[in-house]
Amino acid sequence: MSTTSLSTAVAASDIPSRFFQMLQEVWGFSELRDSQGQAVEAALSGRDALVVMPTGGGKSLCYQSPAVYRGGCTIVISPLIALMKDQVDSLHQVGVPAARWDSNASGQEKRELLEQLRQQRIRLFFASPERALQDDFASLFKGNKVPMIAIDEAHCVSQWGHDFRPEYRQLSQLRKHFPEASVMALTATATQKVRDDILQQLQLRSPSISVSSFDRPNLTYRILPQVDVLAQCKEIIDRHKSSSGHSAGGIIYCMRRLDVDQLADSLSQAGYSVVPYHAGLTPQQRHQAQDAFVKEKVQVVVATVAFGMGIDRSNVRFVIHASVPKSMEHYQQETGRAGRDGLRAECTLLFSNRDVNSMRKLLNNSADQSSASKDWLESQLNQLELMVGFCKLPICRHRNIVEYFGQSYSTENCGACDVCLGDLDVVTESKVIAQKILSCVHRMGERFGTNAIIDVLLGSNSRDVQRRGHESLSTFGILKGHTRVELKDWIEQMIHAKLLMVVQDGNYPLLKLGSQAKSVLFGNHIPKLIRTTGASAQESIKPLARFLYDTTLLERLLEWRQEAADQEKVAPYVLLSDTVLAEIAARRPSKIDRLSGVAGMGAKQIAQHGQAIIGLVESHCSLKSIPMDQPLQFPSSPVRDSYGVRFKERKSLEQIASELHVVESTVTKYLVEHILEGSVKDVSAWVSESEIQKVIAAANKVGYGRLIPIYEACNSQIDYNKIKIALAFQPALSPSGQPKGS
Ligand SMILES: [Zn+2]
């Protein structure tokens, strides 16, 4: 999700402007996104809240920023040590005193921590649910005001969720010890059942409920037929290497531990830097793998679903599902680990029906072994079927995900999935091909599996074909000229459309005619077979950010960040995010104070790293003899162009919004981009000269960083869209970025 200052954001009106001042100083953000604003508003007024936000949506800011603003000690319950450690590290980076309870800490360390608590110096304290439920927990906070208890990954409370943790069910007891504290429950899982369970189990009192959009526009989704997992994975990893050969971060999910070990081995042997991760490794091995990935010593992790919940690495550029995930929730959450910095990332699922069958078997077995209820098994199998349907239907993936989570999706063409990018072709001769496959299954007496049937259709001379005398069948070779992969894919599509079905004969899966086969054979029903080209993936990788940036400079900044992070013993993305570095590589600032114009750079980060960054930018620019202090520039795209045309026609924001079915703030976002790059030079259609003067005068008085004080200084008479346009227009007049006339 975008974190640049140009993103569509709403300034929640009931949040005091002093809060935004703090937000800018500590985190470098001048605004909150819609649902963040709602959550923060609830926290500031001491009201309980449920925050449903997809992974990467800026969840932690919802409780961290009120905690800093209100003072006292906010307690954060988190299910994983790795997750807590990352949060505490990130908070230290921006200068917020935070700590976590570490049961492995030495006696001396524990005493120091207790002393800090006693002196009321900790703003956020992280603990596991187990620790929070111990009798002496409340006494740790003696003398501290505890304004809020934040419960992260709150879906762990629900047995309908995918990470059920029984201790979570007892967390409502904390209320007794901290009667003054409000409770904020946060989760990335959003089905109604889980949401209801959270409200009930945690006993939230008339909570504010904010649910943000489940769409992740910066992710590109593709479902490809599984052909050769190793080769397909290599291709994707290679595609994400930078010009200088740097690998990008990626996660490959496999179904079983065995698959993980095999794939990780094969990739290592082929010279790729990868680590395996699954529950069968020792805790130490797992810790090392995770640490190497987070610290960017290793770029690719091959893992089971056990990997990920504690991983906060924001610059993961691709997620591959080497087999089908268990449910849409899993898919959404696992793909959600890509592109958390808001930059582009790619999610590829390699689908095969064999995996679906194995998954069904695994679910049945685990139900048998754990004597789980019939309901549970049924619900799991049902979720798997929904996942399969998602893979097999040629519906926009963004739309399908968002609608699955109960939200609506208004974009016609997302421009970021295989369906909308035109990777899926309907095969023109679908009907004839389907009829040929069906009649072949019929001629072979419905007694063979997929491979034997494909052998016959292709007219293969294999020993099996000869032994069985299949050359004499009338269907022998009738689909010669197609590939084995194509036929396999089409047969899977036909299974999904109930034209074929798989029946287990002992250990051998046989292909039989399905319930819908007759209607196709008799020509009453015309099936649609899809050919997946994957063509759009072959195009060179799109730039990471929406604006253009200096790639060599970005590489140098990334190297510098790696060294600085090593020295400070933190993960690189904790130090500064990729988005921030990309914006620096675009603007090439010449002075430290210009860094405050980069979204996501807080005061402490500027004080700590500003000098080093400016030095690096300076030496790069003088070496290459290129100018510094550049405006952001945006590449063209069909969507952007559709706005550009309308800006040229000087249509009003309202009119453009209604023509393109978007809200006015989205139109403003594009207008601001066009102004910043200089393609719109006259803004009088949207804001008058006198309004611009007022906004500039206000900004000179209260500062350029925050919208609300400017709005207030203009006597609340100029709306936020106009302020954004005026501010964007103003530095465009003078290349130095300084107010005109100063
Ligand atoms: Zn789409």
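The exercises below, each with a worked solution, go through one predicted model from the whole chain down to single residues.

Because the model is predicted, local features are considered at a pLDDT of at least 70 and side-chain atom pairs only at pLDDT 80 or more, while totals for chains, interfaces and linings use all residues. Residues are numbered from 1 along each chain as its sequence is written.

**Exercise 1. The whole chain**

Describe the make-up of the chain, its extent and its domains.

Solution. Begin with the secondary structure, where helices (H or I, at least four residues) and strands (E, at least two) are DSSP runs numbered from the N terminus; the chain has 31 helices and 17 strands. Next take the radius of gyration, computed over C-alpha atoms and set beside the globule rule of 2.2 Å times the number of residues to the power 0.38. The chain has a radius of gyration of 28 Å, close to the 27 Å that the rule gives for 742 residues, so the chain is as compact as a globular protein of that length. Along its principal axes, the C-alpha trace spans about 90 × 70 × 50 Å.

Then turn to the domains, whose bounds come from an automatic or database domain assignment: domain 1 covers 2-211, domain 2 covers 219-421, domain 3 covers 426-532, domain 4 covers 551-624 and domain 5 covers 638-733. The centres of domain 3 and domain 5, taken over C-alpha atoms, are separated by 59 Å.

Finally, consider contacts, where two residues count as touching if their C-beta atoms, placed from the backbone, lie within 7 Å. Among contacts between residues at least 6 apart in sequence, 73% join residues at least 24 apart.

**Exercise 2. Two enclosed helices**

Work out which residues of helix H2 and helix H3 are buried.

Solution. The first step is to fix the term: a residue is buried if 20 or more other C-beta atoms lie within 10 Å of its own, exposed if 12 or fewer, and partly exposed in between, with C-beta atoms placed from the backbone. Over the chain, buried residues make up 44% of the 742 residues.

The second step is H2 (residues 34-44), where 10 of the 11 residues are buried, so H2 is largely enclosed by the rest of the structure. Its buried residues are Ser 35, Gln 36, Gly 37, Gln 38, Ala 39, Val 40, Glu 41, Ala 42, Ala 43 and Leu 44, and they pack against strand S1 (49-52), H3, strand S5 (148-151), strand S6 (182-187) and strand S7 (208-211).

The third step is H3 (residues 60-70), which is largely enclosed because nine of its 11 residues are buried. Those residues include Cys 62, Tyr 63, Pro 66 and Val 68.

The last step looks at what follows each helix: Gly 46, just after H2, takes a positive phi of about 75°, and Gly 71, just after H3, takes a positive phi of about 75°.

**Exercise 3. A helix crossing**

At what angle do the axes of H16 and H17 cross, and which residues meet there?

Solution. Axes are lines fitted to C-alpha atoms, for helices over the stretch in contact, and angles run from 0 to 180 degrees between N-to-C directions. On this basis, the axes of H16 (residues 430-443) and H17 (residues 450-458) come within 10 Å and cross at roughly 115°. From H16, Ile 437, Cys 440 and Val 441 meet Ile 453, Val 456 and Leu 457 of H17.

**Exercise 4. Two residues with positive phi**

Is Glu 296 buried or exposed, and is Ser 716 buried or exposed?

Solution. Start with the general background that most residues other than glycine have a negative phi. Glu 296, although not a glycine, has a positive phi of about 65°, and its place is in the loop between helix H11 (283-294) and strand S11 (300-303). Because Glu 296 has 20 C-beta neighbours inside 10 Å, it counts as buried.

Ser 716, also not a glycine, has a positive phi of about 55° and lies in the loop between helix H30 (707-713) and helix H31 (720-733). With 10 C-beta neighbours inside 10 Å, Ser 716 counts as exposed.

**Exercise 5. The surroundings of Leu 124**

Which residues does Leu 124 touch, not counting residues up to four places away in sequence?

Solution. Leu 124 lies in strand S4 (residues 124-127) and is buried, with 23 other C-beta atoms within 10 Å. Leu 124 touches Gln 64, Ala 67, Thr 74, Val 76, Leu 91, Val 96 and Ala 98. As for Val 88, it is 36 residues from Leu 124 in sequence and 8.4 Å from it in space, C-alpha to C-alpha.
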